[in-house]
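User: I would like to learn how to read several kinds of feature in a structural model, from the whole chain down to the single residue. Could you take me through them in turn?

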Amino acid sequence: MNEGIQRLLGEGPKAINLGLEEFAQALEAQGAKVVHVDWSPPPPEAEELQDLLEKLL
Amino acid sequence: MFRAVQIQKRRYFDSMFLMRVTQHLQAEPGVKEAAVVMGTPANVQILLNLGFPAADLAEVGPDDLVIAVAAEDEVAAGKALAKVEEFLSGRREGAIQAPKTLAQALARLPEANIAVISLPGHHAGREAHKALDAGLNVFLFSSNVPLEEETALKKKAREKGLLLMGPDCGTAIIAGIGLGFANVVRRGPIGLIAASGTGAQEFTSLIHRAGAGISHAIGTGSRDFSDKVGGLTALAALEALETDPATEVLVLLGKPPGENTLQRLAERLRHAQKPVIACFLGVISEAIKKKWPGKLVSLIDDAVAAALSTLGLPVPEFLRPENLEELAERERQKLTPRQRFVRGIFSGGTFCYQAQLFFHTARVPFKSNAPLLPEHELPNPFQSEGHTLLDMGDEFFTQGRLHPMIDPTLRRERILKEAEDPEVSVLLLDFVLGYNASPDPVGNLLPAIRAAQEKKRKNGEHLVVVASVCGTEADPQDYKKQVEKLEEAGVLVFSTQAQAVRFVLTLLGGGR
Amino acid sequence: MANIKERIEEANREAVRRMVAGDPVLVDVAPAREVVPVFQTGEKILLHSGPPVTWERMCGAQKGSMVALVLFEGWAKTPEEAWELLSSGEVKFSPNHHHQAVGPMAGTISPSLPVFVVENRAFGNRAFCRPVEDRQQFGDYSEQALDLLHRWRDIFGPALRAALRVAGGLPLKPIIARALEMGDELHNRQVAASSLLANALSVPLVEAGLPKESLVATLKLLTNHPVFFLGPMMAAAKAIADPARGIPFSTIVTAMARNGTEFGIQVSGVDGKWFTAPAPRVEGILFPGYRPEDAGLDMGDSAITETVGFGAFVLGGAPGILSLVGGTVAQAMAYTQEMRQITVGTHPDYRLPARDFQEISLGIDIRKVVATGITPIIDTAIAHKDPGHPKIGAGLVRAPMECFRKALLRFAEKYGVAQGG
């Protein structure tokens with residue numbers, strides 16, 4: 001039932017990092033797999049379409 | 001302009017690959033024009049158009065590699081030519097373009113099992129939704145995510161069998177790997193579920209220093225125990241750690257839960273499959289203590305001791321309250337009659353909170369910018385009054401700045417300011433080590449501490465500096481080295497924060 | 001009424017089913033006027049790549065390419081006259097995609113230019129693509145550029161037509177599948193496919209009884225042209241994509257095309273419309289002697305190959321052109337993996353050995369593009385920004401999000417899904 005959690009606890013974190021890049025560097029320093037996202041705020045149109053997507057996808 | 005042409009017979013490379021090599025060569029210092037091409041008639045024509053001498057190109061065939069460089073002088077051309085082999089080896093390039101979205105990152109790391117999110121609150125919630133939809137657990141460091149969104153996220157996580165740690169989750173350790181602010185601790189049989197980040201850091205560090213270890217430390221986010229959220233993450237974590245083979249004993253740590261949540265947790269713990277120790281940092285009524293189905297304590301040190309005892313492990317010396325009166329009396333002698341106030345300047349919210357609890361229990365009046373009870377409210381956070389216990393990580397101070405665990409500026413300024421006050425006798429400090437904290441938390445504040453001591457000395461006063469260091473010798477900053485630095489400066493360092501506060505109260509004459 | 005989400009899913013499954021069923025066969029190389037009806041009206045009309053465009057807004061390379069075709073057709077004697085004629089409004093322009101046709105880069109097609117004719121045997125539809133060369137289609141109208149067109153009209157076209165008649169058509173699926181296994185991505189890299197095509201056509205060419213001079217010239221072209229197959233491939237991709245058009249409720253992309261001024265996409269469920277955005281700049285590498293500021297913007301119908309799952313979508317299987325993506329296998333694999341998040345199906349007959357024979361993915365869903373922020377990635381060549389130049393480079397480009405956003409809004413409007421509320 002909580003397979004996703006068990007996988008996390010069993011395998012240890014394999015992370016996607018959004019935000020402070022230091023968090024990704026710290027994970028890397030600990031030998032964890034991590035991919036840092038070069039994130040930027042979504043353009044206003046993405047927000048505007050969000051609601052539409054909920055109906056269509 | 002110096003032009004050089006090299007022809008390498010019957011050496012083939014793909015044309016597009018050579019375009020990239022050409023690009024590198026063009027970027028070399030002093031190079032005006034460069035071409036690394038196969039010697040086809042079309043390419044030879046290009047080289048002629050670029051002004052390379054026809055004589056140099058007369059013998060070229062389509063299976064030959066041609067390296068042509070026009071540079072400002074012979075030396076530059078020679079240096080550039082010498083690099084061609086390196087470019088041809090292709091090893092120079094290795095960078096993968098950083099993904100721009102969660103989905104792109106997931107394509108890069110399909111086996112990912114968690115998203116670590118520290119974006120501004122408004123965006124953080126949406127990305128957390130996306131992460132859950134993609135089957136990822138979430139460590140949500142961001143604060144100011146609206147309550148309704150927190151509840152929605154946690155319900156979604158429950159439906160999907162995933163863990164949502166946060167929002168406002170500072171610390172977690174999963175299978176030995178720290179997320180956010182976390183210390184390097186040994187793995188072991190103790191599982192932690194914590195609503196408080198620094199609380200989790202202090203607990204896990206003390207467990208490590210006691211020789212035991214942590215299976216997982218799961219953060220729930222600061223509001224999880226409130227009735228509005230209802231302990232959704234705590235309950236999910238409880239279930240996970242109960243089935244987790246690495247965990248033998250569980251500790252639940254945080255401020256006292258809301259009434260309904262307390263009830264829910266109590267009911268759930270009645271059928272707990274492993275021993276659970278609850279540590280609620282706060283005033284707990286006798287009624288609750290009676291009803292609670294298991295060990296219930298209200299100090300981090302006691303939780304550590306209880307976990308160790310449950311596992312049949314000895315409780316180390318440093319966790320036992322020592323008789324501090326002798327040391328306190330020695331320090332008391334050095335103070336002037338006017339010096340009577342304590343100023344606690346904390347980077348860890350839980351440390352400020354735990355200090356207030358001690359003061360409150362000892363009936364010593366105090367003020368705080370993050371007050372335990374409304375009556376403790378400090379009207380102006382920049383101006384201390386009487387005994388003052390400051391949470392420098394509070395939003396009031398961190399607006400537009402890094403957390404004081406990373407950026408020491410505000411704490412440094414505050415230490416100097418408090419030293420000006422002739423009524424101040426004691427500075428009570430915390431230092432938090434571990435990943436993502438400052439690389440040298442003690443070093444950051446030492447100059448300010450020394451300056452404060454000096455200031456007091458000049459005024460014919462004495463300054464008692466009391467500190468605790470949260471961390472382990474395995475941390476990048478090394479617990480032992482940090483403590484040594486403090487002790488060299490005459491700072492009284494206690495092995496736990498609770499001990500440090502206890503000493504301060506002893507000094508104040510309560511002896512409690 | 002069934003839930004709109006279910007109807008979309010069903011329509012998209014059908015769109016992908018049709019693309020997967022596509023069975024392209026190269027049946028002819030014919031002068032465009034013989035097979036493209038619009039050229040039979042007697043009007044002076046030229047076709048071009050991308051969405052519709054006027055002479056005023058047309059990019060330099062496409063203008064140069066038009067000048068070349070006006071000269072090629074004999075509608076003018078000098079480039080200056082040609083330019084005047086084109087700007088006078090006497091020559092009409094129309095997108096290839098409106099005529100079952102596609103063309104690389106400027107993509108220009110005139111009545112006398114030979115086109116590859118590919119028939120999709122599963123559906124009976126046909127598609128056309130002009131031959132690939134590296135001058136006129138990039139805007140070059142020099143004598144050399146025109147000479148190649150003349151040779152196509154007078155020698156290569158007729159010779160290939162004769163050979164295809166002898167062969168009775170050439171199925172392209174086996175060539176495509178094999179070329180994928182040999183490291184082609186079937187867009188920028190066509191080395192294996194071009195060789196396989198040369199193999200397949202050489203005996204029929206001999207058997208066709210052509211004059212020796214014509215036979216040798218054609219064989220020389222066919223056996224020394226690393227991107228020859230792009231023409232048949234684009235016609236094949238167009239023939240595969242067209243049956244997926246016009247499926248009500250489908251959010252699958254049926255065309256991505258650029259004219260150097262605008263990037264446009266077409267979507268099955270809102271057929272006939274173009275959703276456009278300014279053409280993006282190509283991230284790429286340039287031939288010696290050219291600088292980034294010389295480069296024109298993204299151009300060509302060749303993104304039809306990505307539309308049906310090839311090109312940059314299978315970069316992970318084409319280590320030979322890793323230089324396009326900065327030289328690492330990891331990056332190429334990452335792109336291929338990334339594209340799987342915006343597609344809805346896979347093709348069991350086309351596989352990537354380098355990815356443990358993973359099936360290629362196809363069927364770009366505009367909803368997924370908008371939701372994930374991942375836009376399709378496309379391999380492409382680079383033309384000069386001004387008329388009169390040959391090919392100047394190659395690179396990668398992302399389709400602009402704006403196209404997908406507009407398409408999704410139009411889709412919602414058409415199917416009565418209100419925004420908000």
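The dialogue below moves from a chain as a whole to strands, sheets, interfaces and a helix.

Analyst: Please keep in mind throughout that this is a predicted model.

User: How should the overall form of chain C be read, and what radius of gyration does chain C have?

Analyst: The radius of gyration is compared with the value expected for a compact globule with that number of residues. For 421 residues that value is near 22 Å, and chain C has 20 Å, which agrees. The C-alpha trace of chain C spans about 65 × 45 × 45 Å along its principal axes. Chain C holds 13 helices and 16 strands. Of its 421 residues, 60% are buried. Among the contacts in chain C with a separation of 6 or more, 74% are between residues 24 or more positions apart.

User: Next, a single strand. Which way do the residues of strand 6 of chain C point, and are they buried or exposed?

Analyst: One asks to which side of the strand each residue points, and then whether that residue is buried. In strand 6 (residues 126-129) of chain C, Arg126(C) and Phe128(C) point one way, while Ala127(C) and Cys129(C) point the other way. All of these residues are buried.

User: Which strands pair with strand 6 of chain C, and in what sense?

Analyst: The sense of pairing is read together with the bridges that join the strands. Strand 4 (residues 101-102) of chain C pairs with strand 6 in the parallel sense, over two bridges. Strand 5 (residues 114-120) of chain C runs antiparallel to strand 6 and is joined to it by four bridges. Cys129(C) in strand 6 stands opposite Val102(C), and Phe116(C) also stands opposite Cys129(C). Strands 5 and 6 of chain C form a hairpin with five residues between them. In its turn, Gly124(C) has a positive phi of about 85 degrees.

User: How is an open sheet described, and what is the strand order of the one with strands 11, 15 and 16 of chain C?

Analyst: One gives the order of the strands, the sense of pairing, the edges and the twist. Here the order is 11-16-15, with antiparallel pairing. Strand 11 (283-286) and strand 15 (377-382) of chain C are the edge strands, each pairing on one side only. From one strand to the next, the twist averages 15 degrees. Four bridges link strand 11 of chain C to strand 16 (residues 393-398) of chain C. Leu286(C) has Gly393(C), in strand 16 of chain C, as its bridge partner.

User: Which helix packs on this sheet?

Analyst: Helix 1 (residues 15-26) of chain B does, touching strand 11 and strand 16 of chain C. The direction of this helix makes about 85 degrees with that of strand 11 of chain C.

User: That leads to the interfaces. How many residues does each chain bring to the contact of chains B and C?

Analyst: Such a contact is read by its residue counts, its contributing elements and its composition. Chain B brings 27 residues and chain C brings 23. On the side of chain B, helix 1, strand 2 (31-38), helix 2 (41-49) and helix 5 (102-108) each supply at least two residues. Helix 1 of chain B gives the most, with six residues. That side of chain B comprises 13 nonpolar, eight polar and six charged residues.

User: What are the corresponding counts for chains A and B?

Analyst: There, 43 residues of chain B are in contact with 32 residues of chain A. The elements of chain B that each supply at least two residues include helix 6 (121-133) and helix 9 (232-243). The side of chain B that touches chain A divides into 23 nonpolar, 13 polar and seven charged residues. Strand 1 (residues 15-18) of chain A pairs with strand 4 of chain B in the parallel sense, over four bridges. Ala15(A) stands opposite Ile114(B) in that strand of chain B.

User: Finally, which residues of helix 18 of chain B are buried?

Analyst: One locates the buried residues around the helix axis, then looks for what covers them. In helix 18 (residues 479-488) of chain B, Tyr479(B), Gln482(B), Val483(B) and Leu486(B) are buried. They lie on the same side of the helix because they cover an arc of only 95 degrees around its axis. Their cover includes strand 17 (424-432) and helix 17 (441-458) of chain B. Just after helix 18, Gly490(B) takes a positive phi of about 80 degrees.

User: Why is Lys480(B) classed as partly exposed?

Analyst: Lys480(B), also in helix 18 of chain B, is partly exposed because 13 other C-beta atoms lie within 10 Å, whereas a buried residue needs 20 or more.

Technical notes: Residues are numbered from 1 along each chain as its sequence is written. Chains are lettered from A and ligands numbered from 1 in the order in which they are written. This is a predicted model: local features need pLDDT of at least 70, side-chain atom pairs count only at pLDDT 80 or more; totals for chains, interfaces and linings use all residues. A residue is buried if 20 or more other C-beta atoms lie within 10 Å of its own, exposed if 12 or fewer, and partly exposed in between; C-beta atoms are placed from the backbone. The arc is that of the directions from the helix axis to the C-beta atoms. Two residues are in contact if their C-beta atoms, placed from the backbone, lie within 7 Å. Two strands pair if DSSP finds at least two bridges between them. Axes are lines fitted to C-alpha atoms, for helices over the stretch in contact, and angles run from 0 to 180 degrees between N-to-C directions. Ala, Val, Leu, Ile, Met, Phe, Trp, Tyr, Cys and Pro count as nonpolar, Asp, Glu, Lys and Arg as charged, and the others, Gly among them, as polar. The radius of gyration is taken over C-alpha atoms; the globule rule is 2.2 Å times the number of residues to the power 0.38.
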